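Q: Please give me a close look at one residue and its contacts. Then lead me outward from there to other parts of the model.

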Amino acid sequence: MGDVNFLQKAIQIVQQATEQDNAKNYAEAHRLYILSLDWFTTALKYEKSERSKATIKAKTMEYLQRAEQLKEYLEKTKNKKPVAAMNGTSKPSANNTKKGGSADDDEDVDPEDKKRNDSLSSSILTEKPNVKWDDVAGLHQAKEYLKEAVIFPIKFPQMFTGKRKPWKGILLYGPPGTGKSYLAKAVATEISSTFFSISPSDIVTKWLGDSEKLVKQLFEMARAANNSVIFVDEIDSLCSSRNDQESESSRRIKTEFLIQLDGVGNDSDGVLILAATNIPWGLDLAIRRRFEKRIYIPLPDPHARIKMFQIHIGNTPNTLTPQDFKRMAEMTEGYSGADIQIVCKDAIMQPIRTVQTATHFKNIRGPSREDPNVIVEYITPCSPGDRDAMEMTWMEIDGSKLKEPEITINDCVKSIRTVKPSVSSKDLDKYIEFTRDYGQEV
Ligand SMILES: Nc1ncnc2c1ncn2[C@@H]1O[C@H](COP(=O)(O)OP(=O)(O)OP(=O)(O)O)[C@@H](O)[C@H]1O
């Protein structure tokens with residue numbers, strides 16, 4: 001789905017949210033506002049125009065604030081505190097109560113609370129993705145830092161006594177698609193202890209109440225689990241720099257994060273906070289300072305790009321040579337890991353397109369899929385001029401007889417030409433500047 005669709009989808013949902021808001025269906029309006037934020041955030045990632053990005057960001061902030069207003073209203077209503085009904089604008093209007101407009105539906109104490117808590121706990125508790133260190137191409141120094149920060153303290157606790165303490169907070173930052181979340185998944189896979197993975201929507205969406213209590217609960221769980229990692233993806237959405245537009249709820253979440261990051265009043269030993277952002281300059285300064293290690297995750301170098309092509313083409317049948325991989329790496333200067341993954345996914349589909357568009361096929365012999373020692377007959381696409389060419393289409397072929405063509409360098413070159421890099425050199429300058437001032441080159 002192209003980025004234009006992401007934006008259209010976001011606008012469509014937020015229109016529904018506004019309709020529900022105006023109809024005073026505040027719970028549904030809140031849900032739709034939050035849902036639209038996910039789509040706006042995704043559209044933002046793929047948006048190239050700075051002007052459009054600024055507009056999307058402003059609208060996203062506006063809808064987030066409205067969602068938080070509704071959340072606070074719903075929370076207060078739920079707790080039976082009389083409050084002015086939302087008048088559909090961004091602020092509750094005092095005169096609404098004069099009109100008897102207060103929508104204080106007398107709900108009983110909401111039995112859903114516990115269910116929300118449980119569902120939230122399950123959504124943020126341990127996940128064990130199957131990503132090995134070797135699946136992450138390049139980023140050797142970042143991997144070493146993460147092993148030093150996470151693996152060593154668990155494997156060799158005796159080394160971390162007295163003044164030698166494990167790192168408490170590591171911030172991974174860099175352009176979109178460079179492997180920050182992928183590295184976190186590798187950490188989750190490689191460590192034996194508990195890995196908590198949360199995204200901003202977990203904190204804001206699923207809890208119609210004080211999100212900061214959730215942040216506190218999360219850290220308490222992590223401390224109880226001992227030697228655990230909390231991974232916060234897109235932390236800039238939760239802890240952006242202070243501004244007078246931010247809502248009360250955002251302020252409370254940030255304050256709670258600060259308290260927990262400092263381990264104030266709690267023994268937070270054994271908890272590592274790993275966070276990722278592609279907007280490090282948007283982070284609240286106090287939050288940024290509490291991440292002792294700030295590691296820049298850059299675009300991959302040619303060697304890492306070769307490795308990425310090998311990882312993402314994998315064992316799909318292909319005729320690629322080491323020279324071909326080198327050539328693809330040279331052609332993809334400025335591509336992120338995510339861009340290369342998309343190139344590989346497209347290249348892997350090329351043989352399917354060859355079969356779909358072929359007008360001639362021929363018989364070949366090859367090892368059986370069931371038993372490579374047995375040679376069987378297959379049928380595969382060929383050019384019309386081929387000596388054994390038979391004019392037919394794929395619809396006339398018996399499924400198991402088809403031998404799809406192998407991926408060739410031409411397939412890959414065609415895919416590279418259709419997939420453009422998602423990071424501009426202007427974006428890179430901002431990361432280089434941030435790294436010079438606050439970060440660590442790896
Ligand atoms: N270093 C890498 N090695 C192998 N694959 C990679 C690497 N970096 C990115 N990828 C591929 O790109 C996909 C997206 O990467 P990832 O989600 O880690 O990006 P990110 O840096 O977290 O991006 P964002 O900031 O947009 O969240 C991964 O699932 C993986 O398939």
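A: Contact here means heavy atoms within 4.5 Å. Leaving aside residues up to four places away in sequence, Glu148 touches Pro153, Phe160 and Trp167. This is a predicted model, in which local features need pLDDT of at least 70, side-chain atom pairs count only at pLDDT 80 or more, and totals for chains, interfaces and linings use all residues. Residues are numbered from 1 along each chain as its sequence is written, and side-chain values use heavy atoms, with hydrogens and water left out.

Stay with Glu148. It sits in helix α6, residues 140-155 (helices are DSSP runs of H or I with at least four residues, strands are runs of E with at least two, and both are numbered from the N terminus). Trp167 lies 19 residues from Glu148 in sequence. In space, their C-alpha atoms are 8.4 Å apart. Glu148 has a relative accessible area of 34%, so it is partly exposed (buried means under 20%, exposed over 50%, partly exposed in between, with a 1.4 Å probe and protein chains only).

Now step to Leu139. This residue is in the loop between α5 (112-124) and α6. Its phi is near 55°, a positive value in a residue other than glycine. Leu139 has a relative accessible area of 15%, so it is buried. Lys24 also has a positive phi in a residue other than glycine, near 65°. Lys24 belongs to the loop between α1 (3-22) and α2 (26-46). With 44% relative accessibility, Lys24 is partly exposed.

Next, the whole protein. The secondary structure comprises 16 helices and eight strands. Of its 442 residues, 44% are buried. Take the contacts with a separation of 6 or more: 75% of them join residues 24 or more positions apart.

Strand β7 (residues 375-381) holds Tyr378. Its relative accessible area is 3%, so Tyr378 is buried. Beyond four places away in sequence, Tyr378 touches several residues, including Lys362, Asn363, Ile364 and Gly366. Further along, its partners include Ser400, Lys401, Leu402 and Lys403. Leu261 is another matter: 117 residues from Tyr378 along the chain, with 62 Å between the C-alpha atoms.

Leu261 leads to a helix pair. Helix α9 (residues 211-225) packs with helix α10 (residues 248-262) at about 20°, their axes 8 Å apart (axes are lines fitted to C-alpha atoms, for helices over the stretch in contact, and angles run from 0 to 180 degrees between N-to-C directions). α9 is therefore roughly parallel to α10 (under 35 degrees is roughly parallel, over 145 roughly antiparallel, 65 to 115 roughly perpendicular, the rest oblique). The crossing is right-handed (the near helix is turned clockwise from the far one by less than a right angle; anticlockwise would be left-handed). From α9, the residues that meet α10 are Ser211, Glu212, Val215, Lys216, Phe219 and Arg223. Their partners in α10 include Arg252, Phe257 and Leu261. The contact has five nonpolar, three polar and five charged residues (Ala, Val, Leu, Ile, Met, Phe, Trp, Tyr, Cys and Pro are nonpolar; Asp, Glu, Lys and Arg are charged; the others, Gly among them, are polar).

A second helix pair is α14 (residues 337-357) and α15 (residues 409-418). They pack at about 135°, with axes 8 Å apart. α14 and α15 are therefore oblique to each other. Their crossing is right-handed. Val343, Asp346, Ala347, Gln350 and Pro351 of α14 meet residues of α15, among them Asp411, Cys412 and Ile416. Five nonpolar, three polar and three charged residues make up this contact. In α15, the buried residues are Ile409, Asp411, Cys412, Val413, Ser415 and Ile416. These buried residues pack against α12 (302-313), α13 (322-331) and α14.

Finish with the rings. The whole structure has eleven aromatic pairs (rings of Phe, Tyr and Trp, the last by its six-membered ring, pair if their centres lie within 6.5 Å; planes under 30 degrees apart are stacked, over 60 edge-to-face, the rest tilted). The ring centres of Tyr173 and Tyr296 are 5.5 Å apart and their planes are at 20°, so this pair is stacked. Tyr173 is in strand β1 (residues 169-173), while Tyr296 is in strand β5 (residues 293-296). The pair links distant parts of the chain, 123 residues apart. Both tyrosines, Tyr173 and Tyr296, are buried. They join Trp281, Tyr431 and Phe434 in one aromatic cluster.
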